[in-house]
Amino acid sequence: MKQQNDIRTGLLLCLSLVFAILLVISMFHLSAKKRQLADDAHTRQLLETVLPIGYDNDPSNDVISISAEALGSADAQKVYRARQQNSPVGAVITTVAPDGYSGAIKLMVGFSYNGQIHAVRVMQHRETPGLGDDIDISRSNWIKSFDLINVEALSRQDWNVVKFGGQFDQFTGATITPQAVVHAVFRTASWYKENRHLLY
């Protein structure tokens with residue numbers, strides 16, 4: 001009798017353990033799906049911000065991956081393509097400023113098809129709160145300094161912060177972060193001008 005009770009108790013414990021494991025796995029997949037949906041919504045919101053108006057496709061579903069040294073990372077970067085009646089009107093390139101003060105800064109740079117920068121937004125960074133994080137639109141309007149710039153309208157020297165003879169403001173007590181972003185945007189814009197015909 002005692003042996004049967006021990007077996008029954010062991011089986012109940014095993015079943016409870018299996019149930020707990022299945023519950024944890026289900027919760028993990030559910031939360032991963034929610035995170036993915038949130039990431040997708042955030043991506044769509046950023047795309048609407050950095051792309052010029054006048055496209056009729058869904059750029060978040062018209063994506064290719066590219067690898068180029070100018071984009072600041074050995075990892076492939078995404079290009080979101082905007083079209084109007086299947087003709088290209090613009091693109092958004094994810095790019096990296098690898099030399100931020102606290103590490104790599106991930107950016108989205110939006111272009112009209114002719115190469116003009118429409119807007120830039122920071123996707124991810126680890127810059128110092130109250131100093132370098134002014135690159136984030138939620139902290140300041142500094143990132144809007146790139147709005148509607150044609151890369152060829154500025155000299156190479158202009159693509160620096162003021163401290164180094166350029167036209168972009170730095171932050172009080174912080175020059176490394178904005179300088180890294182300026183250089184990353186310049187490299188990406190120059191690459192797009194030369195290679196945009198390959199992206200569509």
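Which backbone oxygen lies 2.6 Å from a polar atom of the side chain of Ser-140? The backbone oxygen of Asp-134 does, and the legends below start from the sheet and return to this contact. The model is predicted, with local features requiring pLDDT of at least 70 and side-chain atom pairs pLDDT 80 or more, while totals for chains, interfaces and linings use all residues. Residues are numbered from 1 along each chain as its sequence is written, and side-chain values use heavy atoms, with hydrogens and water left out.

**View 1. The open sheet of five strands.** Its order is S1-S2-S3-S4-S5, and the pairing is antiparallel. Strand S1 (63-66) and S5 stand at the edges with a single partner strand each, so one side of each has no neighbour in the sheet. From one strand to the next the twist averages 25 degrees. Strands (E, at least two residues) and helices (H or I, at least four residues) are DSSP runs numbered from the N terminus; two strands pair if DSSP finds at least two bridges between them.

**View 2. Strands S2 and S3.** Strand S2 (residues 77-84) and strand S3 (residues 87-100) run antiparallel and are joined by six bridges. Val-79 has Ile-93 in S3 as its bridge partner, and Gln-84 stands opposite Ser-87. The hairpin has two residues between the strands, and Gln-85 takes a positive phi near 50 degrees there.

**View 3. Strand S4 and its two partners.** S3 is joined to S4 by nine bridges, in antiparallel sense, and this hairpin also has two residues between its strands. Val-92 stands opposite Gly-110 in S4. S4 pairs with S5 over six bridges, again antiparallel, and Lys-106 stands opposite Gln-124 in S5. In the hairpin of S4 and S5 there are four residues between the strands, and Gly-115 takes a positive phi near 105 degrees.

**View 4. Helix H2 on the sheet.** H2 lies across S1, S3, strand S4 (103-112) and S5, where contact means heavy atoms within 4.5 Å. The helix runs at about 145 degrees to S3; axes are lines fitted to C-alpha atoms, for helices over the stretch in contact, and angles run from 0 to 180 degrees between N-to-C directions.

**View 5. Polar contacts of Ser-140.** Ser-140 is in the loop between strand S5 (117-124) and helix H2 (176-195). Besides the oxygen of Asp-134 at 2.6 Å, the backbone nitrogen of Trp-142 lies 3.2 Å from a polar atom of the Ser-140 side chain. A polar contact is a pair of N or O atoms within 3.5 Å; within protein, one must be able to donate a hydrogen and the other to accept it, and residues adjacent in sequence count only if both atoms are side-chain atoms.
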